[in-house]
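Here is a short report on one protein model. Look at the sequence and the structure first, then read on.

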Amino acid sequence: MFYGLGILIMDKWQELTVEVLRDAEEAASNILIELGSQGVAIDDSADYLGHVGKYGEVFPEIKQVETVKITAYYPEHIDIEEVEKEASKRLAELTHFGVDAGEVHYETQELAEQDWAENWKKYYEPTRISHDLTIVPSWTDYEASEGEKTIRLDPGMAFGTGTHPTTKMSLFALEQVLRGGETVIDVGTGSGVLSIASSLLGAKDIYAYDLDEVAVRVAQENIDLNANTENIHVATGNLLQGVDIQADVIVANILADILVNMTEDAYRLVKDEGYLIMSGIISDKWEMVRKSAEDAGFFLETHMVQGEWNACVFKKTDDISGVIGG
């Protein structure tokens, strides 16, 4: 499995592999991402138990072990020794929360950009995200079943594979609020996955923004991989600064400390009875994000939690009788 976050491009990358007990997989992955990883790949022997491969091969011979290996990728400017030191401290502290990481092992190596680009592809397979949506790598053959909507992606160096919990919850939220004909603004579009999904779910016009020019290029390339996405308009932009488009839905899957800087602009741009979807919120930042949105004038309609990650749907409405806070 591969989970990707962030929007960066570098000539070299650092790979840090951490081996922990399976019960600590999610917590360890979150720690590595919080420490600056731009993506994590998880190698778990349980994933191969009875697994049938592309050509019908079965892998019962894979030895089952109680540990998993989590490989995290860091830009070259990050001090990998400091990351390992801080990760060791936080993993040891997990015992206070009833989570045992076991005897932790570390390995590090440097990767050139091309090595990274090929390295993560082996972890990236077609993934059913919801009842209707499936993320499909652009380089694989995949036949959709009746009624299934496929999003073809080649994240390149934008790291938005669509399979991270924060993206999954964003997609669930879009399915919840989109009924067809809406105008959507996608803030921090990354690989463009949420914009493409919005189009597939019936939105009329989608405006996607990202501060990073690499992300804008990658998003446009991914949009071009998918049919009938001419209604998606991608541009460089810093959150919602300078935007004057009135939207039915604004969606943002970025870090909590950045989300709080856009809630007032979001309220200005969301139409009455419209929605603000936010994801990428680690648990200890949730109340901060909630307060920022409510102070701007939104009401909480839906609160989703997956592990330590939070996502939410806020509504701009004067009628709060049907809005339930989470």
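The mean pLDDT of this predicted model is 82. Of its residues, 80% reach 70 or more. Two stretches fall below 50, as the table shows.

| Stretch | pLDDT | Contacts in the model |
|---|---|---|
| residues 1-10 | under 50 | 56 contacts beyond four places in sequence |
| residues 49-60 | below 50 | 9 contacts beyond near neighbours in sequence |

Now to the sheet. It is open and has 7 strands, with mixed pairing. Their order is β11-β10-β9-β12-β13-β15-β14. The edges are β11 (232-236) and β14 (299-306). Each has a single partner strand, so one side of each is left without a neighbour in the sheet. On average, neighbouring strands of this sheet are turned by 15° against each other, direction ignored.

Look closer at one edge. There, β14 pairs with β15 (residues 309-315) in the antiparallel sense, over 7 bridges. M304 has A311, in β15, as its bridge partner. Helix α9 (residues 286-296) lies across β13 (270-282), β14 and β15. This helix α9 runs at about 10° to β15.

Another helix is α6 (residues 213-225), with 13 residues. From its first C-alpha to its last, α6 reaches 19 Å. That is close to the 18 Å expected at 1.5 Å a residue. Which residues of α6 are buried? They are V214, A215, V216, V218, A219, N222 and I223. These buried residues of α6 pack against β8 (149-153), α5 (193-200), β10 (205-210) and β11.

Definitions and conventions
Residues numbered from 1 in each chain as written. Predicted model: local features only at pLDDT ≥ 70, side-chain atom pairs only at ≥ 80, totals over all residues. Heavy atoms only, no water. Pairing = 2+ DSSP bridges. Helix = DSSP H or I, 4+ residues; strand = E, 2+ residues; numbered from the N terminus. Axes fitted to C-alpha atoms, helices over the stretch in contact; angles between N-to-C directions. Contact = heavy atoms within 4.5 Å. pLDDT = per-residue confidence, 0-100. Expected span 1.5 Å × (residues − 1). Buried < 20%, exposed > 50% of the residue type's maximum accessible area, 1.4 Å probe, protein only.
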